[in-house]
Amino acid sequence: MARHSVLQAFYVSKVWRDFRMTLILERGLRCEHCGEMVTVAKELTAHHEIELTPDNVHDHMISLNPKLVKLVHHRCHNVIHGRFGAKRGRSVYLVYGPPLAGKKTFVTEQMMRGDLVVDMDRLFEAVSFQPSYDKPDNLLSNVMGVHNLLLDNVKTRMGKWGNAWVIGGYADKFKRERTADMIGAELVFIDASQDECLARLEADSMRMHYVSDWRGYICKWFEQYQA
Ligand SMILES: [Zn+2]
Ligand SMILES: [Zn+2]
């Protein structure tokens, strides 16, 4: 197995998931890096003080040793590892992938309060006053206007935000890279297969009445996507 898949297999194993849940039950819903409380267990990630590798993952004195594992926020975990601009000051990310891939969840986990987030769906909600699954077509040019203004703010680094996160489908490689260049962003791909996205759509009761629209958005993304 490749390096990635050995570790992947460990993280999805029952023994690891049970170990993590036991730690959470014993220690409570608190980040051991910053000390803040969290509301749900999924806000905590388990950090190994000795980094897991394919060579040590099966050594339970390392991989399943409570003394060597800390429960921390996803964002504190990034600070610990120096990821996503945590040590480099202000950064800009363009987060792209198919509809329902989990882009918003990813940004929610990685961002900090005071970051700027530019998301078409949320901007649509803000100006249409409709729920997130209902997007009146006639407002598209106004939503694009606000979106482009915010992209321009990011490009010129206008404002006092921490990091900036631009969320979108960006299936078209040329458009994606041009936008990333323009705003000075690092590209972050949120990967999910067409089947996974469609399965999430079927399971989402909120989008029930708009299922055919959303199926269309998903299929269109995969038709247009260029890696
Ligand atoms: Zn924390
Ligand atoms: Zn870690």
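User: How many helices and strands does the protein chain have?
Analyst: The secondary structure comes to ten helices and six strands. Keep in mind that this is a predicted model.

User: Ok, and what box do the C-alpha atoms fill?
Analyst: Roughly 60 × 40 × 35 Å, taken along the principal axes.

User: What share of the residues counts as buried?
Analyst: The chain has 227 residues, and 39% of them count as buried.

User: And what about contacts between residues far apart along the chain, how much do they account for?
Analyst: Take the contacts with a separation of 6 or more: residues 24 or more positions apart account for 70% of those.

User: Let's talk metals. What holds the zinc ion called ligand 1?
Analyst: Ligand 1 is coordinated by the SG atoms of Cys31, Cys34 and Cys76 plus ND1 of His73, at 2.1 to 2.4 Å. Along the chain, these donors follow the spacing C-x2-C-x38-H-x2-C.

User: What's the geometry there?
Analyst: Tetrahedral, with angles of 99 to 117° among the four donor atoms. For reference, the ideal angle for four tetrahedral donors is 109.5 degrees.

User: Is Cys31 buried or exposed?
Analyst: Cys31 is buried, because its relative accessible area is 1%. Cys34, at 38% relative accessibility, counts as partly exposed.

User: Now the other zinc, ligand 2. Which protein donors does that one have?
Analyst: Three histidines: His47 through ND1, and His77 and His81 through NE2. They lie 2.0 to 2.1 Å from the ion. Their spacing along the chain reads H-x29-H-x3-H.

User: Where do His47 and His77 sit?
Analyst: His47 is in strand β1 (residues 44-48), while His77 is in helix α4 (residues 74-81). They are 30 residues apart, so this pair links distant parts of the chain.

User: Are those two buried or exposed?
Analyst: Both come out buried: His47 has 8% relative accessibility, and His77 has 13%.

User: You mentioned α4. Which residues of α4 are buried?
Analyst: His74, Cys76, His77 and Asn78. Two of these names have come up already: Cys76 is a donor to ligand 1, and His77 is a donor to ligand 2.

User: What do the buried residues of α4 pack against?
Analyst: They pack against β1, β2 (69-73) and α5 (103-110). Remember that β1 is the strand holding His47.

User: What comes just after α4?
Analyst: Gly82, which takes a positive phi of about 65°.

User: Switching to α10. How many residues does it have, and how far does it reach?
Analyst: α10 covers residues 211-224, which is 14 residues. From its first C-alpha to its last, α10 reaches 20 Å, close to the 20 Å expected at 1.5 Å a residue.

User: Which residues of α10 are buried?
Analyst: Val211, Trp214, Ile218 and Trp221. They cover an arc of only 95° around the axis, which puts them on the same side of α10.

User: Why would residues that aren't next to each other in a helix point the same way?
Analyst: An α-helix has 3.6 residues a turn, so residues three or four places apart point the same way.

User: Nice. What covers that buried side, and what's on the face turned away from it?
Analyst: The cover over the buried residues of α10 includes β6 (186-189) and α9 (194-202). The face turned away carries the exposed residues Ser212 and Glu223.

User: What's in the loop between α9 and α10?
Analyst: Ala203 is one of the residues there. Ala203 counts as exposed because its relative accessibility is 67%.

User: Last topic, aromatics. How many pairs does a search of the whole structure find?
Analyst: Twelve aromatic pairs. One of them is Phe10 with Trp16, a tilted pair with 5.3 Å centre to centre and 45° between the planes. Phe10 counts as buried at 8% relative accessibility, and Trp16 does too at 4%.

User: And which residues do ring pairs link into a cluster?
Analyst: Tyr96, Phe189, Trp221, Phe222 and Tyr225. Trp221 should ring a bell, as one of the buried residues of α10.

User: What about Ser13, where's that?
Analyst: Ser13 is in the loop between α1 (3-12) and α2 (14-27). With a relative accessible area of 19%, Ser13 is buried, since the cut-off is under 20%.

Terms used. Residues are numbered from 1 along each chain as its sequence is written. Chains are lettered from A and ligands numbered from 1 in the order in which they are written. This is a predicted model: local features need pLDDT of at least 70, side-chain atom pairs count only at pLDDT 80 or more; totals for chains, interfaces and linings use all residues. Side-chain values use heavy atoms; hydrogens and water are left out. Helices (H or I, at least four residues) and strands (E, at least two) are DSSP runs, numbered from the N terminus. The expected span of a helix is 1.5 Å times one less than its number of residues. Buried means under 20% relative accessible area, exposed over 50%, partly exposed in between (1.4 Å probe, protein chains only). The arc is that of the directions from the helix axis to the C-beta atoms. Contact means heavy atoms within 4.5 Å. Donors are N, O and S atoms within 2.8 Å of the metal (3.2 Å for Na, K and Ca); water is not among the atoms, so sites may look incomplete. Four donors count as tetrahedral if all angles lie between 85 and 135 degrees; four count as square planar and six as octahedral if opposite donors are over 155 degrees apart and all others between 65 and 115; anything else is irregular. Rings of Phe, Tyr and Trp (its six-membered ring) pair if their centres lie within 6.5 Å; planes under 30 degrees apart count as stacked, over 60 as edge-to-face and the rest as tilted.
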